[in-house]
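User: Hey, I've just opened this one and I'm a bit lost. Can you walk me through it if I keep throwing questions at you?

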Amino acid sequence: MLHGIDTFSGMRSCFPAGRFSLPDWEKYAANIAEELPDKIRDDIADYSFETDVLPVVQNVCANWEKLEFAHSSFQSAAAKISEQLTQKIHTDLDICVVFYLGLCSGAGWATTLNGKPAVLLGAEKILELNWVDPDRMFALIAHEIGHIWHQAMGGAFGQAETIEERAVFQLFSEGIAVWFEQCLYGQDDFFLENHDGWLDWCTAHDAEIRREYWRRIRCGESVQDFFGDWARYQGHPDVGYYLGNRFVRWLLKKYTVPEAARLPNSQLKQEYQIFSES
């Protein structure tokens with residue numbers, strides 16, 4: 001069951017005289033959950049507030065009409081997802097979905113609030129990425145719920161013991177979340193990231209991408225450029241979401257969904273080697 005916390009009406013309070021105010025934001029965030037201001041500050045501790053955070057947040061004030069559209073998309077997408085969860089996943093998870101003004105902690109963040117599963121939807125990042133339409137909002141919410149569902153199913157979160165296992169599990173967990181959003185959306189090739197020929201490029205380079213990720217696993221090299229809107233693999237963002245989803249769908253030919261979700265990291269690594277060579 002989904003519980004929505006919609007803080008759209010309070011976002012303007014963070015911009016007295018049209019300029020973002022951190023003290024006013026802290027009051028606004030604490031009204032959502034007492035722990036939220038500290039949680040967000042801890043998450044962005046490695047960022048430069050002035051150069052990395054403030055411009056993105058201030059951009060909200062100049063784009064209220066687009067924010068209103070994103071808010072409308074949030075309302076319709078959350079209602080649709082609540083219905084699809086009951087019809088297609090049959091889960092009894094109790095999840096809070098929060099539409100709020102953040103400090104660049106992400107457009108979507110699967111986490112906890114008050115000890116319960118929560119999805120935080122950062123309006124400032126949603127605007128920056130232009131994920132304001134109903135389809136992308138649906139996919140964003142569903143993706144983060146997919147992480148929470150995977151963990152509830154017994155996924156090996158926090159259990160990776162090596163750099164190699166962490167790289168495989170990151171790929172697998174993002175692939176599970178993409179699979180989850182595709183199930184709810186009802187389209188196997190739906191990707192939130194697909195624009196400007198992204199899916200066509202990934203499909204055309206599928207074998208190369210599989211092998212390169214395995215090479216990095218074996219060598220203990222960073223795979224960060226496969227994930228995140230700020231990173232690029234050969235000039236393309238979020239390639240890991242494509243690859244992870246292909247890996248998951250390959251696994252589902254061998255395992256049931258519950259079996260695949262609970263695979264240990266050591267086995268995932270072995271399976272990925274076979275997948276990379278297939």
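User: How do S3 and S4 pair, parallel or antiparallel?
Analyst: S3 and S4 pair in the antiparallel sense, over six bridges. Two strands count as paired if DSSP finds at least two bridges between them. Strands (E, at least two residues) and helices (H or I, at least four) are DSSP runs, numbered from the N terminus. One bridge joins Thr-112 to Pro-117 in S4.

User: Before we go on, what kind of model is this?
Analyst: It's a predicted model: local features need pLDDT of at least 70, side-chain atom pairs count only at pLDDT 80 or more, and totals for chains, interfaces and linings use all residues. Residues are numbered from 1 along each chain as its sequence is written, and side-chain values use heavy atoms, with hydrogens and water left out.

User: Cool. Which residue takes a positive phi in the hairpin of S3 and S4?
Analyst: That's Asn-114, with a phi near 55°. The hairpin has two residues between the strands.

User: And what's the order of the strands in the sheet?
Analyst: The order is S1-S2-S4-S3, four strands in an open sheet with mixed pairing. S1 and S3 (108-113) are at the edges with a single partner strand each, so one side of each has no neighbour in the sheet. On average, neighbouring strands are turned by 25° against each other, direction ignored.

User: What holds strands together in general?
Analyst: Strands of a sheet pair through backbone hydrogen bonds, either parallel or antiparallel.

User: Okay, what does S2 pair with?
Analyst: S2 pairs in the parallel sense with S1 (residues 2-6), over five bridges. S2 also pairs in the parallel sense with S4 (residues 116-122), again over five bridges. On the S1 side, Ile-5 has Val-98 as its bridge partner, and Asp-6 has Phe-99. On the S4 side, Val-98 is partnered by Leu-120, while Cys-96 stands opposite Ala-118.

User: How many residues of S2 are buried?
Analyst: Six of its six residues, 95-100, are buried. Buried means under 20% relative accessible area, exposed means over 50%, and partly exposed is in between (1.4 Å probe, protein chains only). Ile-95, Val-97 and Phe-99 point one way, Cys-96, Val-98 and Tyr-100 the other way, and all are buried. In S4, five of the seven residues are buried.

User: Which helix lies across those strands?
Analyst: That's H6 (residues 134-152), which lies across S1, S2, S3 and S4 and runs at about 150° to S4. For the angle, axes are lines fitted to C-alpha atoms, for helices over the stretch in contact, and angles run from 0 to 180 degrees between N-to-C directions.

User: New topic: which residues have the most contacts inside the largest nonpolar core?
Analyst: Phe-99, Leu-101, Ile-126 and Tyr-213, in a core of 99 residues. H7 gives the most to this core, with 10 residues. Such a core is a set of buried Ala, Val, Leu, Ile, Met, Phe, Trp, Tyr and Cys residues joined through side-chain atoms within 4.5 Å.

User: What does Ile-126 touch?
Analyst: Leaving aside neighbours within four places in sequence, Ile-126 is in contact with residues including Ala-70, Phe-99, Trp-131 and Leu-140. Contact means heavy atoms within 4.5 Å.

User: You mentioned H7. How many residues has H7, and how many are buried?
Analyst: H7 (163-185) has 23 residues, and 18 of them are buried. From first C-alpha to last, H7 reaches 33 Å, close to the 33 Å expected at 1.5 Å a residue; the expected span is 1.5 Å times one less than the number of residues. Gly-186 follows H7, with a positive phi near 85°.

User: What about Ser-173, buried or exposed?
Analyst: Ser-173, which is found in H7, is buried, with a relative accessible area of 7%. Its side chain reaches the backbone oxygen of Gln-170 at 3.1 Å.

User: Last one: what does the side chain of Asn-245 make a polar contact with?
Analyst: With the side chain of Gln-182, at 3.1 Å. A polar contact is a pair of N or O atoms within 3.5 Å; within protein, one must be able to donate a hydrogen and the other to accept it, and residues adjacent in sequence count only if both atoms are side-chain atoms. Asn-245 is in H10 (residues 239-251) and is buried, at 0% relative accessible area.
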